[in-house]
Every structure is written in structure tokens, then in C-alpha cells.
Amino acid sequence: MPPNGPGDVPTRRPGADPQSVAREIADAVEGLTELWSLAAQQAALRLSPHQLRALRVLEAQPGLNLTAMAGRLEIGLPTASRLCDRLVAAGMLERELHPHDRREVRLSLTGQGRRVLREVAERRTRALASALAELDPGDRAALGRGLASLAATRRTRPARAPAADEG
């Protein structure tokens, strides 16, 4: 049955073609990205997406130096340095000399940085849970299974850029 109006979702047959499903997922991700950003911006201390990403990188890999962090964020060294300066000034990041190489500076989160990340994560979880609560329980379960399957596939196969003829 075709959709009747805005908000209606067409019924998908099992094994729908990847391009169609990719378009639907891209639309959903765009909406979720907005929800995600709004939840982060409502945190006590507002962070830019780059600042939040830098904190998350350092949460996952404490003690990175500036060059390594710039590489993880895929930004230039001057940009990374200014980003760190702002996070240090906000009390969320600290620079420490490497114990064996005094020319190298390690970056790590402060307690404030960890608290901000927890607050953002909690706000995002609440916002996502609210959106998921509007789904039919069967659709919610199917979405969970589908996302788990997609994540498992991505973990077992290296990411690759699509070929020119793929879109």
C-alpha cells in the first residue's frame, strides 16, 4: 500500500534494494543528527561539534598528543591547537608533559570535561528514548535488530569509500 501523506512510511518488503534503504536511512540520520545536536546544545556548557568530538576522542584515548588528536579529528595542527586552547580555558582539558619526553605534551580530560560528556550523553539518551517511545514496539525491536546487524557488519568489514558508479 503506498503512503497516504506526510509521516507515512511505505511498507518495505524483506531484502529491499540497498539504494532505497540507504536513502531512507540517510533521511532518518539527518533527523536524528538534529535531535542529537539539540540535546548536546542544551547541556549546561554548550560545546561546538568539534569541541565535543575532541572531548570524546580524549575520553576514548587519554594522553594523546596534539598531533595524534588532530589526526583523529582530521583537522590541521593549528586548528587543533586553538581547539585545545579553548577547552583548556573552559576547564575541560589539561595539558601535561610526557614523563619521558619533555618536548611532548599529553592531553587529558579534567573532571569537568568528563562531567560535561556524561551530561551530553544523558541528554542524548533521553532525547533518543523519547523519539523511540513514539514507535510501535515491533518497529522499535526491528530497528534495534537492524542497527545491531549493521554495526556487526561494519566491525567485521573495513570501511571503504563507495566506487564512483555506486552513487
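The legends below describe an overview and several close-up views of a predicted model of one protein chain.

**Figure 1. Overall arrangement of the protein chain, with six helices and two strands.** In sequence order, the elements follow the pattern α-α-α-α-β-β-α-α. Of the 167 residues in the chain, 20% are buried. The accessible surface amounts to about 11800 Å², and carbon and sulfur atoms account for 56% of that surface. When contacts between residues at least 6 apart in sequence are considered, 43% of them link residues at least 24 apart.

**Figure 2. Close-up of S20 in helix 1.** Helix 1 spans residues 18-41 and includes S20. Is S20 buried or exposed? The relative accessible area of S20 is 15%, and the cut-off for a buried residue is under 20%; S20 is therefore classed as buried. The side chain of S20 forms a polar contact of 2.6 Å with the side chain of D17.

**Figure 3. Packing of helix 1 against helix 5.** Helix 5 covers residues 111-133, and its axis comes within 8 Å of the axis of helix 1. The two axes cross at roughly 140°, so helix 1 and helix 5 are oblique to each other. The crossing has a right-handed sense. On the side of helix 1, the contact is made by L32, L35, W36, A39 and A40, and helix 5 contributes V120, R123, R124, A127, L128 and A131.

**Figure 4. Close-up of A127 in helix 5.** With residues up to four places away in sequence left out of account, A127 touches L35 and A39. Both of these partners are listed among the helix 1 residues that make the contact with helix 5. A127 and L38 are 89 residues apart along the chain, and the separation of their C-alpha atoms is 9.0 Å. A127 has a relative accessibility of 22%, and partly exposed residues lie between the limits of 20% and 50%; A127 therefore counts as partly exposed.

**Figure 5. Packing of helix 2 against helix 3.** Helix 2 consists of residues 49-60 and packs on helix 3 at an angle of about 115°. The axes of these two helices are 10 Å apart, and their crossing is right-handed. Helix 2 takes part in the contact through R53, A54, V57 and L58, while helix 3 does so through M69, R72 and L73.

**Figure 6. Packing of helix 3 against helix 4.** The axes of helix 3 and helix 4 come within 9 Å and cross at roughly 105°. This angle means that helix 3 is roughly perpendicular to helix 4. The residues of helix 3 in the contact are L66, T67, M69, A70 and L73, and those of helix 4 are L77, A80, S81, L83 and C84. M69 and L73 of helix 3 also appear in the contact with helix 2.

**Figure 7. Close-up of E74 in the loop between helix 3 and helix 4.** The loop that holds E74 joins helix 3, residues 66-73, to helix 4, residues 77-89. Although E74 is not a glycine, its phi is positive, at about 55°. Is E74 buried or exposed? Its relative accessibility is 70%, and the cut-off for an exposed residue is over 50%; E74 is therefore classed as exposed.

Key:
Residues are numbered from 1 along each chain as its sequence is written. This is a predicted model: local features need pLDDT of at least 70, side-chain atom pairs count only at pLDDT 80 or more; totals for chains, interfaces and linings use all residues. Side-chain values use heavy atoms; hydrogens and water are left out. Helices (H or I, at least four residues) and strands (E, at least two) are DSSP runs, numbered from the N terminus. Buried means under 20% relative accessible area, exposed over 50%, partly exposed in between (1.4 Å probe, protein chains only). A polar contact is a pair of N or O atoms within 3.5 Å; within protein, one must be able to donate a hydrogen and the other to accept it, and residues adjacent in sequence count only if both atoms are side-chain atoms. Contact means heavy atoms within 4.5 Å. Accessible areas come from the Shrake-Rupley method with a 1.4 Å probe; for residues, only the protein chains shown count as cover. Axes are lines fitted to C-alpha atoms, for helices over the stretch in contact, and angles run from 0 to 180 degrees between N-to-C directions. Angles under 35 degrees count as roughly parallel, over 145 as roughly antiparallel, 65 to 115 as roughly perpendicular and the rest as oblique. A crossing is left-handed if the near helix is turned anticlockwise from the far one by less than a right angle, and right-handed if clockwise.
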